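Hi everyone, thanks for making time today. I'd like to walk you through a structure that is new to most of us, so please have a look at the screen.

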Amino acid sequence: MQADTDKTLRLLRTARGQIDGIIRMVEADRYCIDISTQLMATQSILARINADVLKAHLEHCVAGALASGTPEEKAEKLGEIERVIDKLAK
């Protein structure tokens, strides 16, 4: 199973629209808390997209490598996941 491309693109376009709106807010010197609220909403959408993409990667790429890959492929896929977890933990 791969990530739902349509859903991913829809969410990315929503985030892009929010960022465009945030730029307009900053340009208009809007209230800081309002800008911060919109930034957090955009971060939330991006986190959701990332979670979906990573879940699809685990279910498709990692599971496939573990089921039928070489030992090197298995180690590579597990290493990728470890590096992502490290980045998320920061």
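I'll begin with the overall shape, then go through the salt bridges, and finish with a patch on the surface.

One thing to keep in mind from the start: this is a predicted model.

Let's take the chain as a whole. Its secondary structure consists of three helices and zero strands, and reading along the sequence you get the pattern α-α-α. Helix α1 covers residues 5-27 and helix α2 covers residues 32-68, while helix α3 runs over residues 71-89.

How does the radius of gyration of the chain compare with that of a compact globule of 90 residues? The globule would come out near 12 Å, whereas the chain has 18 Å. The box filled by the C-alpha atoms, taken along the principal axes, is roughly 55 × 30 × 15 Å.

Buried residues make up 22% of the 90 residues here. The surface that the chain exposes adds up to about 6700 Å², and 58% of that is supplied by carbon and sulfur atoms. As for contacts, take those with a separation of 6 or more: 51% of them are between residues 24 or more positions apart.

Now to the salt bridges. How many does a search of the whole structure find? The search gives three, and I'd like to visit each of them.

Start with lysine 7 and aspartate 52, whose closest N and O atoms are 3.1 Å apart. Lysine 7 sits in helix α1 and aspartate 52 in helix α2, so this pair ties together parts of the chain that are 45 residues apart in sequence. Both partners are partly exposed: lysine 7 has 28% relative accessibility, and aspartate 52 has 24%.

Next, please find arginine 30 and aspartate 34. Their side chains meet in a salt bridge, with 3.9 Å from N to O. Arginine 30 counts as partly exposed at 42% relative accessibility, and aspartate 34 is partly exposed as well, at 33%.

The remaining pair is glutamate 80 with lysine 77, where the closest N and O atoms are 3.8 Å apart. Here both residues lie in helix α3, three residues apart, which is about one turn of the helix.

Is lysine 77 buried or exposed? Lysine 77 is buried, because its relative accessible area is 19% and the cut-off for buried is under 20%. Its partner glutamate 80, at 23%, counts as partly exposed. So what does lysine 77 touch, once we leave aside its neighbours within four places in sequence? The contacts are His57, Cys61, Val62 and Ala65.

Finally, let's move to the surface. Which residues form a nonpolar patch there? They are Leu9, Leu12 and Leu46, and together they have about 220 Å² of accessible area. If you want one of them to look for, try leucine 12: this residue lies in helix α1 and is partly exposed, with a relative accessible area of 38%.

To recap, we have a predicted model with three helices in a row along the sequence. It has three salt bridges, among them the lysine 7 to aspartate 52 pair that ties helix α1 to helix α2. There is also a nonpolar patch made of three leucines, Leu9, Leu12 and Leu46. Thanks for listening, and I'm happy to go back to any part of it.

Methods. Residues numbered from 1 in each chain as written. Predicted model: local features only at pLDDT ≥ 70, side-chain atom pairs only at ≥ 80, totals over all residues. Heavy atoms only, no water. Salt bridge = Lys/Arg side-chain N within 4 Å of Asp/Glu carboxyl O. Helix = DSSP H or I, 4+ residues; strand = E, 2+ residues; numbered from the N terminus. Buried < 20%, exposed > 50% of the residue type's maximum accessible area, 1.4 Å probe, protein only. Patch = residues over 30% accessible without salt bridge, like charges linked within 9 Å, V, L, I, M, F, W, Y side chains within 5 Å. Areas by Shrake-Rupley, 256 points an atom, 1.4 Å probe, with all protein chains shown as cover. Rg over C-alpha atoms; globule rule 2.2 N^0.38 Å. Contact = heavy atoms within 4.5 Å.
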